[in-house]
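Student: I should like to understand how the terms used for a protein model are justified. May we go through them in turn?

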Amino acid sequence: PFKAVAIDLDGTLLSHDLTISEANLAAIDDLHASGLEIILASGRHHISMLPFARQLPQVKWMVSAQGAFASDLERVTILYDNHLPTEKAASIIDIGLNNQYSIVVYAKSGIFTLNENEWIDYYIQLSGVKPTLTSKEAILNESIFKVTLIGSEERIEAAKDLPEIKNWDLYKVRPLKNIFEFAGRGTSKAHGLKPLLAHLGIEASQLATFGDAPNDIPMFEIA
């Protein structure tokens with residue numbers, strides 16, 4: 001029997017207007033009433049997941065930043081904390097700047113950007129969160145979870161063929177056609193879920209998962 005369920009946010013639990021429908025709220029109630037632990041698992045930063053988690057009193061645990069971080073809602077009990085090496089983050093940022101991609105960086109302290117343009121506006125509309133404008137030098141003093149390049153579908157597709165990117169041994173995923181994300185090895189929703197399940201005494205075979213994008217595949221594979 002299932003003992004836990006991991007649920008993606010954007011495109012799964014959330015509607016396009018970034019709300020949780022009455023049907024989904026009722027489904028969460030039913031799952032919790034059946035005795036399942038409800039886990040939110042998202043590419044979002046912990047900070048931008050919290051407003052949705054606060055609407056769900058059944059939720060105690062979250063996997064965030066594509067699985068680079070797993071903790072309780074208050075970040076008191078941290079079960080996974082995987083960072084992108086600073087030199088790799090610097091290289092990705094340089095590629096973004098040199099090729100005119102827009103850049104969003106998820107650091108432990110928050111969400112940052114090096115740009116102000118229509119693609120950052122697109123990110124804000126998509127996520128409901130406005131990143132803090134910063135510099136490359138300042139962001140590299142942070143503990144970084146992931147670096148995101150944003151641009152047209154054609155330009156993001158072309159990024160895959162850049163020699164530097166093709167040769168990097170990093171977690172790389174395109175959750176949406178206009179977004180290409182990079183995180184350290186050992187990052188995925190599966191990596192974030194495994195220590196959380198162990199903490200809860202739940203086997204991976206007892207996990208149900210709901211998601212809609214390529215970044216959800218690793219958690220499908222362990223369930």
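Tutor: This is a predicted model, in which local features need pLDDT of at least 70, side-chain atom pairs count only at pLDDT 80 or more, and totals for chains, interfaces and linings use all residues. Residues are numbered from 1 along each chain as its sequence is written, and side-chain values use heavy atoms, with hydrogens and water left out.

Student: What makes Ile93 a residue that touches Val147?

Tutor: Contact means heavy atoms within 4.5 Å. Ile93 touches Val147, and also Ile103, Val105, Leu114, Lys136, Ile139 and Leu140, not counting residues up to four places away in sequence.

Student: Why is the set that includes Ile92, Ile93 and Val105 called a nonpolar core?

Tutor: A nonpolar core is a set of buried (under 20% relative accessible area, 1.4 Å probe, protein chains only) Ala, Val, Leu, Ile, Met, Phe, Trp, Tyr and Cys residues joined through side-chain atoms within 4.5 Å. The largest such core has 24 residues, and Ile92, Ile93, Val105, Ile139, Ile144 and Val147 touch the most other members; they are Ile and Val, so their types fit the definition. Helix 3 gives the most to this core, with 5 residues. Another core, of 19 residues, lies apart from it and includes Ile28, Leu40, Met49 and Met62.

Student: How are the residues that line the largest pocket divided by type?

Tutor: The lining has 10 nonpolar, 10 polar and 6 charged residues. Asp, Glu, Lys and Arg count as charged, Ala, Val, Leu, Ile, Met, Phe, Trp, Tyr, Cys and Pro as nonpolar, and the others, Gly among them, as polar.

Notes: Buried < 20%, exposed > 50% of the residue type's maximum accessible area, 1.4 Å probe, protein only. Helix = DSSP H or I, 4+ residues; strand = E, 2+ residues; numbered from the N terminus.
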